[in-house]
Amino acid sequence: MAMMQGVQKNTLYVGGLAEEVNESILHAAFIPFGDIKDVKTPLDQATQKHRSFGFVTFLEREDASAAMDNMDGAELYGRVLTVNYALPEKIKGGEQGWAAQPIWADADTWFERQQQEEEMRRIEAENRATMQAAEELHRKKAAEEREGEKEEEIEIKDDPMAKAEAEVMQQS
């Protein structure tokens with residue numbers, strides 16, 4: 001049953017629709033088989049007319065099955081219908097198929113991601129500033145220690161007592 005994997009058993013593909021058939025006519029043709037959740041006839045963007053097929057989604061799988069059994073090969077407005085279980089929409093866009101969702105569908109998560117990225121940039125900037133301040137402080141202390149050593153050397157040269165102490169320290 002690998003072929004049936006991914007098939008939406010309550011949604012039917014209806015092919016071979018006449019130009020005059022609209023969503024309400026399609027709905028009326030399939031309602032005798034059970035409660036319908038949704039009817040779609042995708043439009044051609046250039047002509048704004050349906051592309052001679054549509055989808056009918058029933059609330060119950062059994063109703064979809066009965067509709068398929070009875071309507072496949074049936075005539076509607078002089079055209080023979082092809083009715084099958086619909087495959088999940090995978091139009092231009094990998095796993096989910098971005099065309100299957102409205103563009104605003106991920107708006108909340110997009111804003112959330114933007115805020116998280118902004119927060120991360122702010123934290124990274126704070127960390128860089130903290131590191132720079134720490135490095136600057138370290139450089140100042142090192143410079144002060146070097147200055148202090150020079151001052152001690154100068155003091156030792158000028159002070160005979162300090163000079164004698166330094167010599168004793170070096171000998172021991």
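1. A definition to start with: a salt bridge here is a side-chain nitrogen of Lys or Arg within 4 Å of a carboxyl oxygen of Asp or Glu. With that in hand, K49 and E19 qualify, because their side chains meet at 3.2 Å, N to O, inside the 4 Å cut-off. The pair links distant parts of the chain, 30 residues apart: K49 sits in the loop between β2 and β3, and E19 in the loop between β1 and α1. K49 is partly exposed at 43% relative accessibility, whereas E19, at 59%, counts as exposed. Please keep in mind that this is a predicted model.

2. Now for the overall layout. The protein chain has 4 helices and 6 strands, and their order along the sequence is β-α-β-β-α-β-β-β-α-α. Of its 172 residues, 20% are buried. Among contacts with a separation of 6 or more, 60% are between residues 24 or more positions apart. The chain exposes about 13300 Å², with carbon and sulfur atoms supplying 52% of that area.

3. The largest nonpolar core is a good place to look next. It has 22 residues, and F30 and F58 touch the most other members. At least two core residues come from each of β1 (8–15), α1 (23–30), β2 (36–40), β3 (53–58) and α2 (61–71). Beyond its neighbours within four places in sequence, F30 is in contact with L12, V14, I36, V56, F58, A67, M71 and V83.

4. Have a look at β3 as well. Of its 6 residues, 5 are buried, which leaves the strand mostly covered. β2 and β3 run antiparallel and are joined by 4 bridges; K40 has F55 in β3 as its bridge partner.

5. One residue I would point out is D63, in helix α2. What is the nearest side chain of opposite charge to D63? It is R61, 11 Å away, and D63 is buried without a salt bridge. That fits the definition, because 11 Å lies outside the 4 Å limit. Leaving out residues up to four places away in sequence, D63 touches F33, G34, D35 and F58.

6. Back to the charged pairs: the whole structure has 5 salt bridges. One of them joins E119 to R122, with the closest N and O atoms 2.6 Å apart. These two residues are 3 apart in helix α3 (residues 107–158), so about one helical turn separates them. E119 is partly exposed at 34%, as is R122 at 39%. A network of salt bridges links E119, R122 and E126.

7. Helix α3 also holds R139 and E136, 3 residues or about one turn apart, whose side chains form a salt bridge at 2.9 Å, N to O.

Methods:
Residues are numbered from 1 along each chain as its sequence is written. This is a predicted model: local features need pLDDT of at least 70, side-chain atom pairs count only at pLDDT 80 or more; totals for chains, interfaces and linings use all residues. Side-chain values use heavy atoms; hydrogens and water are left out. A nonpolar core is a set of buried Ala, Val, Leu, Ile, Met, Phe, Trp, Tyr and Cys residues joined through side-chain atoms within 4.5 Å. Buried means under 20% relative accessible area, exposed over 50%, partly exposed in between (1.4 Å probe, protein chains only). Contact means heavy atoms within 4.5 Å. Accessible areas come from the Shrake-Rupley method with a 1.4 Å probe; for residues, only the protein chains shown count as cover. Two strands pair if DSSP finds at least two bridges between them. Lys and Arg count as positive and Asp and Glu as negative; His and the chain ends are not counted.
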